[in-house]
Amino acid sequence: MTVKRMDNVGIVVESLDTAISFFAELGLELEGRTTIEGVWAGRVTGLRDQRVEIAMMRTPDGHSRLELSRFLTPPVVADHRNAPVNALGYLRVMFTVEDIDDTLARLRKRGAQLVGEVVQYEDAYRLCYIRGPEGLLIGLAQEIG
């Protein structure tokens, strides 16, 4: 069996408002925001008695979603926000953008910091990693080929 598609990627944050604003600047659209709770939700995640506020952000092409979650209960048990890109189990997300320089300029105004530098891979891409809100590691790629 093969994967049919990826519906969404999830990121846990402390501030939904800050994360929503940041990813909206990147071009994602807020699809909805709600609180999830109940026995069924805990059965899915393995966390009993969970209460989570989520926001779904949709990419402009409508093919992918980013699920931003803020756990109200149970409390967060680990913080990997400042882990390097090669940390085991650490999630990073990469987006293809039209203009990497313009995107960086806009995201820097929202606190993004370049991790290394913008590099060109052959005649195909310009790439970089940034730290977004709460130290989230985000990759940006601009197709140039």
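**Two pockets and a glutamate**

In this predicted model, the lining of the second largest pocket divides into five nonpolar, six polar and six charged residues. The pocket holds about 360 Å³ of space. Its lining counts 17 residues. Leu26, Pro60, Thr96, Val97 and Glu98 lie nearest the centre. Which elements each supply at least two residues of this lining? They are helix 1 (16–26), strand 5 (93–96) and helix 3 (100–108). Helix 3 gives the largest share, three residues.

Now turn to the largest pocket. About 910 Å³ of space lies there. It is lined by 35 residues, and Ile11, Val12, Val13, Ser69 and Phe71 are the closest to its centre. Several elements give two or more residues to this lining, among them strand 1 (8–12), strand 4 (65–73) and strand 9 (137–143). Helix 2 (39–45) and strand 3 (51–58) do so as well. By type, the lining residues are 22 nonpolar, six polar and seven charged.

Val12 leads on to Glu134. The two are 122 residues apart in sequence, yet 9.9 Å apart in space, C-alpha to C-alpha. Glu134 sits in the loop between strand 8 (125–131) and strand 9. Is Glu134 buried, partly exposed or exposed? Its relative accessible area is 22%, so Glu134 is partly exposed; buried would mean under 20%.

What does Glu134 touch, leaving aside its neighbours within four places in sequence? Its contacts are Val13, Glu14, Ser15 and Arg81. With Glu14, the side chain of Glu134 reaches the backbone nitrogen at 2.5 Å.

Technical notes
Residues are numbered from 1 along each chain as its sequence is written. This is a predicted model: local features need pLDDT of at least 70, side-chain atom pairs count only at pLDDT 80 or more; totals for chains, interfaces and linings use all residues. Side-chain values use heavy atoms; hydrogens and water are left out. On a 1 Å grid over the protein atoms alone, a cavity is a set of points where a 1.4 Å probe fits but cannot get out, and a pocket is an open set with protein on both sides within 12 Å along at least five of seven lines; lining residues have an atom within 4 Å of a point. Grid points are joined across faces, edges and corners, and a volume is the space filled by probe spheres set on the points. Helices (H or I, at least four residues) and strands (E, at least two) are DSSP runs, numbered from the N terminus. Ala, Val, Leu, Ile, Met, Phe, Trp, Tyr, Cys and Pro count as nonpolar, Asp, Glu, Lys and Arg as charged, and the others, Gly among them, as polar. Buried means under 20% relative accessible area, exposed over 50%, partly exposed in between (1.4 Å probe, protein chains only). Contact means heavy atoms within 4.5 Å. A polar contact is a pair of N or O atoms within 3.5 Å; within protein, one must be able to donate a hydrogen and the other to accept it, and residues adjacent in sequence count only if both atoms are side-chain atoms.
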